[in-house]
Amino acid sequence: MMVVSTVLSVMAYDYPPEKLAVYLSDDGGSELTFYALTQAAMFSKKWLPYCRNYKVEPRSPIAYFRSATPPSNMKHEQDYNDVKKLFEEMKNRIENVTNNGRVSDDLRLEHKGYGEWDSYTSPRDHAAIVQILLDHNEDEEGHSLPKLVYLAREKRPHHFHNFKAGAMNALIRVSSKISNGPIILNVDCDMYSNTSDTVRDALCFFMDEEKGHEIAFVQYPQCFENVTKNEVYGGSMRVLREVDFHGLDGNGGPLYVGTGCFHRRDILLGKSFDEKSRFEWKTDNEHDDTPRITIEETKNLASCTFEIDTEWGKEMGLKYGCPVEDVITGLSIHCRGWKSVFHNPKREAFLGMSAITLDQTLVQHKRWSEGDLLILISKYSPAWYGLGKINPGLIMGYLMYCLWSPSSVPTLYYSIVPSLCLLKGVPLFPSVTSGWCLPFAYIIISISAFDYLEFLRCGGTTRGWCNDRRIWLYRRTSSYLFALLDTILGSDLSFVISSKVMDNDVQARYEKEMMEFGVSSPLTTTVATLSMLNLVCFLGFGMKSVLMDAKTRRVYYETMVVHVVLCAALVVLNLPLYLALFVRKDKGKIPNSVTVKSVFLALFISIVFYFVGNFTTDLSFFRSSITILNFQSPLCSIQMRKLSMATAVAMMVLLTANIGLVVGIRFVIDREECFSHKAEYGSTVRFSFVVIKVEGAWHYNEDGVDLVVKGPKGEQIQDFRDKTSDKSDFVAHNEGLYKFCFTNKSPYHETIDFDVHSSHFYNDVEHAKDDHFKPILEQISKLEDALYNIQFEQHWLEAETDRQALINEGMSRRAMHKALVESAALIGASVLQVYLLIRLFERKLGMSRV
Ligand SMILES: O=c1ccn([C@@H]2O[C@H](COP(=O)(O)OP(=O)(O)O[C@H]3O[C@H](CO)[C@@H](O)[C@H](O)[C@H]3O)[C@@H](O)[C@H]2O)c(=O)[nH]1
Ligand SMILES: [Mn+2]
C-alpha cells in the first residue's frame with residue numbers, strides 16, 4: 001500500500017500528465033507489487049480527476065483519507081465517498097493478495113504481464129521485467145494519464161547488483177527509451193509527494209534564465225510524517241535541514257541525498273559543465289524523437305550483463321561501490337562544475353517514514369557514516385579530489401559528513417575516560433581554581449548553548465534537544481564507531497534496507513516517545529555498556545566522596561569539576577536508558593541478555609581500570625602516596641602489586657594523620673644562607689630542598705641554587721650546583737654540627753623549602769643489651785625510621801607540588817591572556833560570519849524573487 005500511495009501521489013502532480021511518466025523500480029521483482037501497481041493504475045482513473053477537480057492535498061490517498069475532513073459541499077461529498085469506497089476496496093484487494101502471498105490464478109488472467117513471472121525463481125534470481133501499464137491512457141473524464149511503467153531489473157546470484165545505484169541506473173536506461181524526459185525525479189518507495197506543485201517549483205530553478213543552466217539537481221529536504229513532538233531518535237534532523245543544507249546551498253549546493261531530488265538526465269549521465277552550452281527546452285508536447293523500441297530491447301537494458309565493460313557506475317549514472325551512492329554521485333556532479341539547489345518550502349514537498357526503533361536508527365547511521373567515510377578515503381574524496389574543483393565551503397560541508405565516523409574516537413574518549421578518571425581520582429582537566437578551567441568551561445557552555453538555541457530556532461523543543469543530544473551520543477559511540485572499525489578492518493559494504501514493517505506495539509511505544517530497544521544487537525549492547533559504565537563511575541565517585549573527610553572532598557571536587565560535570569551530564573542524558581535497563585517491563589525494554597552483558601562489562605572495565613591503572617600512572621590525585629610507593633620499590637613492581645592494596649590504605653591513613661608532623665624550613669634567600677644541623681655519630685642524615693618561588697622572574701628559569709654540605713671539621717661532604725630541587729642523605733662519621741650553605745646566583749630573591757633530619761640506627765641503642773629485646777627494638781627502630789622516611793618524602797613532594805602549583809599559576813595567567821585574545825578573535829569571526837550570512841541571505845532572497 002505504501003508503494004501504491006507513493007506512485008499515485010506522483011502521478012497526481014499538477015502538471016500536464018502527457019509530459020509525465022512514472023516508473024516503479026521493484027528490485028525484488030515481486031508479482032505482489034505488480035498486482036498492487038495494476039490496481040493503482042485502475043484507481044488512478046478515478047483518483048486523478050478527483051484531485052484535479054477539488055485541488056486536494058496531499059495526493060497520496062492514504063495520507064489524504066487519514067487527515068481529510070469530509071467535505072460540506074454536496075457534490076464534493078458524493079465524489080469523496082465514491083473515491084473513498086473505491087480506495088478501501090482496492091486496499092482490501094491488495095491486502096488480501098499480500099496476505100495470501102501470491103496472486104491467484106483467476107486474478108492473473110486480468111493482465112498478460114503475469115506471464116513474466118512464469119520463469120521467476122526468487123527476488124535474487126529473476127529475469128528483467130518491463131511492463132507498461134498505462135501509456136497515456138485516458139482517465140474517466142477523458143484527460144490523459146501519465147505513463148506508468150513497472151520495472152524489475154534482471155538479478156542473478158553471480159552478478160553483483162550494486163543495490164540502489166544499480167536499480168537507478170537500469171531505470172535511467174529503460175526510461176530513456178520509453179519517455180526520455182529531460183528531468184528525472186527520484187523518490188524512495190517509503191515517501192510520497194505532499195505538494196502537487198513541486199514539479200513546477202523545481203522546474204523554475206532549472207529554467208531560470210540567469211542561473212538555470214548551471215544547475216544539475218534540485219534537492220528537497222527529507223521530511224518525515226511520523227516524527228513525534230520530541231523526536232526520541234532525533235529523526236527529523238532539524239538543524240541539518242534548516243541550517244546546514246541552507247549553508248551548503250550558499251556554497252555551491254546541497255548534497256544529493258537520494259530521494260526527493262530532481263536531476264537533469266544528461267548530467268546524471270556524465271555531462272560536464274560548460275559555460276557556453278545552454279539547455280534547449282522543447283516547446284512542443286510531443287516526444288516524437290523518442291526512439292520507439294520493443295519491450296524486449298528495453299529488457300536488455302535492464303539485464304545484468306549490459307553494464308559489463310561500460311562506464312555505468314563509474315562515469316555514467318549513479319556511482320557504484322559506496323553505501324551512500326547518492327552523496328558520492330552528487331559530489332562527482334559538483335566536481336564536474338555543476339551547482340545544485342536546496343529548496344525547503346514551508347509545506348513539505350515529500351514526506352517519508354523515519355526509523356522508529358533505536359536499532360533501525362543506529363543501523364541507518366552506520367550505513368551513512370561508513371559510506372561517507374569511504375568517500376573520504378576514496379578517489380573522490382572531497383579533501384583532495386574536490387580541491388580546486390569545488391568551493392572550499394562546500395568541501396568543508398562534505399567533510400562535515402565524511403568525518404562523522406572518525407568523530408567517534410574523541411566522543412568515545414570523552415564519554416569513557418573522564419568518567420573512569422573521576423572514579424579513580426585522576427584529574428585530566430584543570431582544577432576549578434585554576435584559570436585553565438575557563439577555556440574548558442567556555443567551550444562546554446558556549447557549544448551547548450549554541451546548539452540548544454539553534455535547535456529551538458529550528459522549531460525544536462527542549463526535550464527534543466535532550467533526545468537529540470542522546471541520539472547524537474549513541475550514534476557516535478556505536479554506529480560511527482562500528483562504521484570506522486568496519487572500514488579499517490575491511491568488512492564488506494552492505495546496503496541493509498531500513499525496515500519498513502510496523503508492529504502495532506512498537507508503533508504505539510514510538511508515539512508515546514519511549515525508546516525502543518527490543519532486539520539485542522552489538523550496537524545496542526555498546527550503547528548500554530557505555531551508559532552503565534558512566535553510571536558505575538558516577539555512583540563510585542559519589543560513594544568515594546562521601547567517605548572522604550571534608551577537606552579532601554573539597555579538594556577532590558575542585559580538581560575534578562570538569563569530570564563531575566561531564567559524567568553527571570552523561571548520566572542524566574542516559575536516564576531513559578537506565579529505565580529501559582532496570583525498570584521498564586514492556587517488550588521495548590532492553591533485553592535481559594543485553595542488561596546482564598552491559599552491567600557485567602561496565603563493572604569489569606571500571607574495576608580493572610580502578611585497580612590495575614593505579615600502578616601505571618602517577619598522575620593520581622593521591623599523587624604523593626602513589627609516588628612514595630613507586631619510590632620505595634621502583635624495581636619490584638610485581639611485589640608491589642601484592643602489597644599495593646594494604647600499603648595504599650596504610651599510606652592514606654599515614655598521609656592524613658601526619659600532615660601536621662612534617663616540618664621543614666621555608667626561607668627567602670638573597671645571596672647566601674647557611675643552616676646547621678646536629679647529628680650523632682653513625683646516624684643517617686636526610687635532607688631535601690626545593691626552590692619554590694623566584695620573585696620577579698617572569699619566566700621560570702631552571703638555574704636554581706647551589707648547596708654545599710660540610711661536616712663538623714669543615715670537610716666538604718656533598719655539593720649541588722644549579723639545582724632547583726634535590727634530595728640526598730649521608731652517614732654522619734663525626735658527631736657535631738653539619739652545615740648546609742645555599743648560594744643564590746640569580747639576581748632575584750628565591751624562596752627555598754629545606755628539610756633535614758637524622759635518624760638513629762638500632763646499634764646506637766645502648767640499653768638494648770638483652771638479646772630478647774634486641775630484635776623487637778630493632779624492628780621498632782626500623783619502623784620509626786621508615787616513618788620518618790615517609791614523612792621526609794612526603795615533605796619533599798609537597799614542596800615540589802607547591803613549586804608546580806606556582807609555575808602552573810603563572811602559566812595559566814599567560815594561557816588566560818591567550819585564551820581571552822583567542823575568544824575575542826573567535827567572537828569577532830562569528831560576528832563577521834553572521835554579517836556575511838545575512839548579506840548572503842539577502843542576496844539569495846533577492847535572487848529567488850526573479
Ligand atoms: O538493493 C536495493 C536497496 C535499496 N533500494 C531502494 O533504495 C531506497 C532507499 O532505501 P531505504 O532502505 O529506504 O534507505 P534509507 O536509509 O531510508 O535511505 C537513505 O539513504 C540512502 C543512502 O544514502 C539513500 O539512497 C536513500 O535515498 C535515503 O533515503 C528504497 O526505495 C529502496 O527500495 C533498491 O532499490 N535496491
Ligand atoms: Mn528510506
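Reader: How many Å is an oxygen atom of ligand 1 from an N or O atom in the side chain of Glu325?

Author: The model is predicted, and the value is read from its atoms. A polar contact is a pair of N or O atoms within 3.5 Å. Here the side chain of Glu325 places an N or O atom 2.6 Å from an oxygen atom of ligand 1.

Reader: Which elements give two or more residues to the shell around ligand 1?

Author: Helix H6 (163-178), helix H11 (325-335) and helix H12 (358-376) do so. The shell has 23 residues, of which Asp27, Lys164, Asp188, Glu325 and Arg367 come nearest. Asp188 has a polar side-chain atom 2.6 Å from an oxygen atom of the ligand. For Gln222, the distance from a side-chain N or O atom to an oxygen atom of ligand 1 is 3.3 Å. The protein buries 91% of the 680 Å² that ligand 1 exposes when taken alone.

Reader: How many nonpolar, polar and charged residues does the shell around ligand 1 have?

Author: One sorts the residues by class and counts each group. The shell around ligand 1 has eight charged, six polar and nine nonpolar residues.

Reader: Why is Asp27 called partly exposed?

Author: The term applies between 20% and 50% relative accessible area. Asp27 has a value of 22%, and is therefore partly exposed. The residue sits in the loop between strand S1 (21-25) and helix H2 (31-54). UniProt, in an unreviewed entry, lists Asp27 under "binding site".

Reader: Which side chain makes a polar contact with the side chain of Asp27?

Author: That partner is Arg153, at 2.8 Å. Leaving aside residues up to four places away in sequence, Asp27 touches several residues, including Pro123, His126 and Phe163.

Reader: Where is the place of Asn391?

Author: Asn391 lies in the loop between H12 and helix H13 (392-402). With a relative accessible area of 34%, Asn391 is partly exposed. Its side chain reaches the backbone nitrogen of Gly393 at 3.0 Å. Separation in sequence and separation in space are read independently. Asn391 and Asn251 are 140 residues apart in sequence, yet their C-alpha atoms are 6.2 Å apart.

Reader: Which residues does the UniProt annotation "coiled-coil region" cover?

Author: An annotation may be set beside the model. The unreviewed UniProt entry assigns that label to residues 73-100. In the model, this stretch is 96% helix and 0% strand, with 40 Å between its end C-alpha atoms.

Notes
Residues are numbered from 1 along each chain as its sequence is written. Chains are lettered from A and ligands numbered from 1 in the order in which they are written. This is a predicted model: local features need pLDDT of at least 70, side-chain atom pairs count only at pLDDT 80 or more; totals for chains, interfaces and linings use all residues. Side-chain values use heavy atoms; hydrogens and water are left out. A residue is near a molecule or strand if one of its heavy atoms lies within 4 Å of it. A polar contact is a pair of N or O atoms within 3.5 Å; within protein, one must be able to donate a hydrogen and the other to accept it, and residues adjacent in sequence count only if both atoms are side-chain atoms. Accessible areas come from the Shrake-Rupley method with a 1.4 Å probe; for residues, only the protein chains shown count as cover. Helices (H or I, at least four residues) and strands (E, at least two) are DSSP runs, numbered from the N terminus. Ala, Val, Leu, Ile, Met, Phe, Trp, Tyr, Cys and Pro count as nonpolar, Asp, Glu, Lys and Arg as charged, and the others, Gly among them, as polar. UniProt positions are given in the numbering used here, feature names are shortened, and annotations may be inferred rather than shown by experiment. Buried means under 20% relative accessible area, exposed over 50%, partly exposed in between (1.4 Å probe, protein chains only). Contact means heavy atoms within 4.5 Å.
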